[in-house]
Amino acid sequence: MIAAVISEDAALRARLETVLKATVNVDSVLMIPEYPDASSIRSLEATEEQLVAFIDFRRSDRALSLAGELHRSCPSVGSVALNVGSSQTDLIAIVRAGICEVLPQPFSDQDVGAAVINVSGKLTESNGSAVQGIVYAFLPAKPGAGASSLAVYSALACARQANCRPLLLDFDIRLGTSSFVLKLDSKNSIMDAFENAFRMDETLWEQLISQREKLDILGSAPTEFGVRVPAESFRSILKWARSRYTSVVVDLGGTMEDFEIAALQQAGTVFLVCGPDLTSLHMARRRMDGLRSLQLQDRVCLVMNRVDKRTGLSIRDIESVLGMSIQITVPADESSTAEAVQGGIGINPKCALGVQIELIARKMAGKAPNGASSGAPRLKKQFIEYFSVPQSKGLDPWRL
């Protein structure tokens, strides 16, 4: 196992380095004197080693963001928190961020050793069968923004492009449209999955899902406004899905109930869908405020839907209103959409609408457009520059 100490406190790093070097289960110790950004920390997965990250929470905002990214994107990394506040709010926050262990204040050498053993056990248990697929969440700025249609057609396009079969989950339990749009004839729906969430197995799962082309689907349920589904059922189904699919597309209704927040926190990308009208822009800005409060702003891909030449505001004006860049614009194309709905098929990839849906699908399938730049700024440092690697016990540091 590799141990990493992420702290700006040189004295704390030195003490933990000494203790961890003497810990039997630890092969190498990495000193990280600042908080890496999300894109850098994901590189830890490439080591193909179990890793325990000791994260200093003196800068709680950076630490929470880092721990959440590790929990979401790096299943072979377990986090241990140091210098955590004692309030209920602090404790709830670290649980939501996926922290495995919390060191007491002050901590002993035995506490550090026990944390390493506990994290190693949890990683072995959780990674034995879990795939930990990536979640792509479609969230409307307001009802009617077209997020559900984009979720369905992007998932179909992703299924054509990806090397493996993705899954579409219709979590819009009030007014979900996937079963209608795709002409699913199954009598089962997402609600049946929720009712059986805690006794799910492979046989039952195969009975519940439907297929279109290369896409597996848990479709929308009949409209039942009074139904309340426990958040634990949503989490259980999403966990089951992530353990069996590398790509999980989730259509959300935008109610921001507990289950939606839990799904958003697990998402690798949140496609925030809005229209070019002023009401949609106002609601999109409010949505972004909410996503920032959840520390999810770095995962948002803003999609401007149903754009046409009659749109009153320019893209620059719209971005000024929203305070963020529009990453994908989707044209209005009622005829292509109607043709797809009538046939229960995907959007023609050669039409203007289909070209943009293919672009969204390439993002989900992990394929960059030909000749296109990722648009991400060049990192100021290479990932290896974050590390000061001391002499280790049998591990070649150049592997990192």
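Accessible areas here come from the Shrake-Rupley method with a 1.4 Å probe, and for residues only the protein chains shown count as cover. With the whole protein displayed, the accessible surface comes to about 19,300 Å², of which 50% belongs to carbon and sulfur atoms.

The structure is a predicted model, in which local features need pLDDT of at least 70 and side-chain atom pairs count only at pLDDT 80 or more, while totals for chains, interfaces and linings use all residues. Residues are numbered from 1 along each chain as its sequence is written, and side-chain values use heavy atoms, with hydrogens and water left out.

**The whole chain**

Begin with a cartoon view. The protein has 15 helices and 13 strands; these are DSSP runs numbered from the N terminus, with helices being H or I of at least four residues and strands being E of at least two. Of the 400 residues in the protein, 50% are buried, where buried means under 20% relative accessible area, exposed over 50%, and partly exposed in between (1.4 Å probe, protein chains only). Among contacts between residues at least 6 apart in sequence, 77% join residues at least 24 apart; a contact means heavy atoms within 4.5 Å.

**First stop: helices α6 and α15**

Select residues 147-161, which form α6, and residues 352-365, which form α15. Two packed helices are described by the angle between their axes and the distance between the axes. Here the angle is about 60 degrees and the axes are 8 Å apart. The axes are lines fitted to C-alpha atoms, for helices over the stretch in contact, and angles run from 0 to 180 degrees between N-to-C directions. The two helices α6 and α15 are therefore oblique to each other. Angles under 35 degrees count as roughly parallel, over 145 as roughly antiparallel, 65 to 115 as roughly perpendicular and the rest as oblique.

The crossing of α6 and α15 is right-handed. A crossing is right-handed if the near helix is turned clockwise from the far one by less than a right angle, and left-handed if anticlockwise. Show side chains next: the α6 residues in the contact include Leu150, Tyr153 and Cys158, and those of α15 include Ile357, Ile360 and Met364. By class, this contact of α6 with α15 has 10 nonpolar, 2 polar and 3 charged residues. Ala, Val, Leu, Ile, Met, Phe, Trp, Tyr, Cys and Pro count as nonpolar, Asp, Glu, Lys and Arg as charged, and the others, Gly among them, as polar.

**Second stop: asparagine 305**

Keep Leu150 displayed and select asparagine 305, in strand β12 (residues 300-307). Asparagine 305 touches Leu150, and its other contacts include Ala145, Gly146, Cys274 and Val330, not counting residues up to four places away in sequence. Is asparagine 305 buried or exposed? Asparagine 305 is buried, because its relative accessible area is 6%.

**Third stop: arginine 299 and helix α11**

Move to arginine 299, in the loop between α12 and β12. Arginine 299 counts as buried because its relative accessibility is 12%. Leaving aside neighbours within four places in sequence, arginine 299 is in contact with residues including Gly68, Glu69, Arg72, Leu264 and Gln265. The C-alpha atoms of arginine 299 and glutamine 265 are separated by 9.5 Å, although these residues lie 34 apart along the chain.

Colour α11 next. Its buried residues are Phe259, Glu260, Ala262, Ala263 and Leu264, and they pack against β6 (134-140), α10, β11 (267-274) and α12 (278-293).

Add α10 (residues 231-242) beside α11 (residues 258-266): the two pack at an angle of about 25 degrees, with their axes 8 Å apart. That angle makes α10 roughly parallel to α11. The crossing is right-handed. Residues in the contact include Phe234 and Leu238 of α10 and Phe259 and Ala263 of α11, and the contact divides into 6 nonpolar, 1 polar and 3 charged residues.

**Fourth stop: loops and backbone**

Select methionine 256, in the loop between β10 (247-251) and α11. Phi of methionine 256 is near 55 degrees, a positive value in a residue other than glycine. Lysine 183, in the loop between α7 (178-181) and α8 (190-195), also has a positive phi, of about 55 degrees.

Finally, select glutamine 105 and proline 106, which are joined by a cis peptide bond with omega of about -10 degrees. Proline 106 lies in the loop between β5 (101-102) and α5 (109-127).
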